[in-house]
Amino acid sequence: MEDVLGNTLGLKASQLHALRRTYRRRVDARTIVSPELARHLVEVSLETGRQVGVLLDRKGDVQAVMVGDARKLELPDVGRGRAGESRLRGLRLVHTHLQGEPLTRDDHTDLALLRLDLVAAIEVREDGLPGKVHWAHLLPENPQGTLWKDEVAESIHALDHDALAGVQALEEEFARARAARRTGGRERAILVGYGGGAGHKGRGRGRAEAEASLQELRELARTASVEVIDATLQLRRDPDPRYLIGKGKLEDIVLRSMQLMATMIVFDAELSPSQARHIAEATSLKILDRTQLILDIFAQRAQSADGKLQVELAQLRYLYPRLVGRDESLSRLAGGIGGRGPGETKLEIDRRRVRDRITALERRIEALGASRSLRRKQRNARGLPVLSIVGYTNAGKSTLLNALTDSDVLAEDKLFATLDPTSRRLRFPRDREVIVTDTVGFIRDLPPDLVDAFRATLEELSDADLLLHVVDASDPRQDGQIAAVEAVLSTLGLEGKRRMLVLNKIDRLPAGAAAGLAGGAERVAVSAVTREGLPELLVRCERLLWAQGRVALGDVAADPGPVAQGAPEPSSASAPPPPAPERAEEPPGPAADGAPAPRLLPAALRRVS
């Protein structure tokens, strides 16, 4: 005889016997439940004062009999939560409700998470007869975003739903939707924003800041070639130590992910190893946090050997505390004759290998740092001033470098489009040379491991004579972006380094809005695309670089030329501008790392003696 599952404590022997006899019953495969089975369940439920349910397969056989309490019913383990994207479980749940209530949230959750064919609840009347029947089944993706459809029949005899045909039609719809999704070949993600929890790893932020960060996460996902199919924001006073956003919200997201056929969930926060593990177990989906997504983008974008080593080091540092042992990973290896003992677990071996690899990478990167330092000394020995372009990611740094040096560095409307630093040597008029260096972009909540891994590259900023802090003037979040860049510069000990604020992308602003942006000697508004404002930028750079005795400098004016459209004309009292300088030959001596032949600035600067 099959066992009765669930809350059987306190039941009489006769009641248990009646429940075991339920396994002998069978219903038509096309019927949700037969009148006989419904009346049997109602009678037992009324006598015990507990909910009673059965799991029926598609043949109509009873696979399990469960007993709960007066308000809920615990289901047995029927396998993984996500058995398949296009197939249902092959089981339907039929149970009783003692209070005459419709389907509850737990019923709907079981329907979706377990992918049951159908869930039905039979009202228990006081006379011991079945009352109304509430039932629901899943729905394929629809514009309304509805996950399931609820139905109700006034009596058990009024049920006219063909359960078998309905399930087959649903699975056909799911299969068509899955085939359509496969054509894209990209990961499908749901983004989860988090805010409100003050004082927890810096996550304390209001709704506006959390929404802005979630929008930035969407851009990160686009850069990583991830298809974003939905996004949600959760505000909590305190983070859930197990699930971050709370179990109820996580269940809603899982239900949504099943309908949209998502393959991953990306959190706009740094998950602890425990949180990442529990969320993955509860969802059976790939779980990423903001740090992992940024590391993945860096891994895709790294082109040079130096960059690949630095990204690998950051990834291993992130992975190390998240290594966990599962299944055979915890089995200990036998020591053999003369060496028997506890041995090492597979987990311990994996951690040791990761530690060894981290140590080896740190040594190689340290050697690279020494090599870079030597090249910087050789470069500085010639007295060449250095301009370093820094700024928030996608602020237009590479576009500005291309505009200034006539280069062809990759520039895209994506976050972290260029990762490896690039240096170009320029020659001002009258044989004044500068080196312009484009560095990796910054972002808020930049992973500390990533900053440490790229420290050898970012150390070049310390030798810069002037930092050009590029800001997207068209972005309403520019104040927060400026603060994020300044925070990273402070981490590198560069808070005292002289810098100029370059407000880029003024071509995206309304007419006349750019006029009020520039103010002061260390603030200029430009457009790297249209080259508007570049002559003024060059003039101010020359003033800052040579005004303190590097080269005697008189009054400096800019000739707009064909570069700066809309730049002010020179005063009539000024001396006529000299002809545009020609490209000079490269003088002997070491050049910047990877620098091409010297280039001319696309504007003519002149001195008035």
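So, the surface: the chain exposes about 28,500 Å², and carbon and sulfur atoms supply 48% of that. Keep in mind that this is a predicted model. Turning inward, buried residues make up 49% of the 609 residues in the chain.

What does the secondary structure come to? We get 15 helices and 20 strands. And if you take contacts between residues at least 6 apart in sequence, 67% of them join residues at least 24 apart.

Okay, let's look at a sheet. This one is open, with 7 strands in the order 1-3-2-4-5-6-7, and the pairing is mixed. At the edges you'll find strand 1, residues 4-6, and strand 7, residues 148-153, each pairing on one side only. Ignoring direction, neighbouring strands here are turned by 25 degrees against each other on average.

Zoom in on strand 4, residues 91-97, and strand 5, residues 118-124: they pair in the parallel sense over 6 bridges. For instance, Val94 has Ala120 in strand 5 as its bridge partner. Then there's helix 3, residues 105-113, which packs on the sheet and touches strands 4, 5, 6 and 7. The direction of helix 3 makes about 40 degrees with that of strand 6, residues 130-138.

Last stop, a pair of helices. The axes of helix 11, residues 397-405, and helix 15, residues 534-546, come within 12 Å and cross at roughly 85 degrees. That angle falls between 65 and 115, so helix 11 is roughly perpendicular to helix 15. Who's touching whom? Leu400, Ala403 and Leu404 from helix 11 meet Leu534, Leu537 and Leu538 from helix 15. The residues of that contact are 6 nonpolar, with no polar and no charged ones.

How values were computed: Residues are numbered from 1 along each chain as its sequence is written. This is a predicted model: local features need pLDDT of at least 70, side-chain atom pairs count only at pLDDT 80 or more; totals for chains, interfaces and linings use all residues. Side-chain values use heavy atoms; hydrogens and water are left out. Axes are lines fitted to C-alpha atoms, for helices over the stretch in contact, and angles run from 0 to 180 degrees between N-to-C directions. Helices (H or I, at least four residues) and strands (E, at least two) are DSSP runs, numbered from the N terminus. Angles under 35 degrees count as roughly parallel, over 145 as roughly antiparallel, 65 to 115 as roughly perpendicular and the rest as oblique. Contact means heavy atoms within 4.5 Å. Ala, Val, Leu, Ile, Met, Phe, Trp, Tyr, Cys and Pro count as nonpolar, Asp, Glu, Lys and Arg as charged, and the others, Gly among them, as polar. Buried means under 20% relative accessible area, exposed over 50%, partly exposed in between (1.4 Å probe, protein chains only). Accessible areas come from the Shrake-Rupley method with a 1.4 Å probe; for residues, only the protein chains shown count as cover. Two strands pair if DSSP finds at least two bridges between them.
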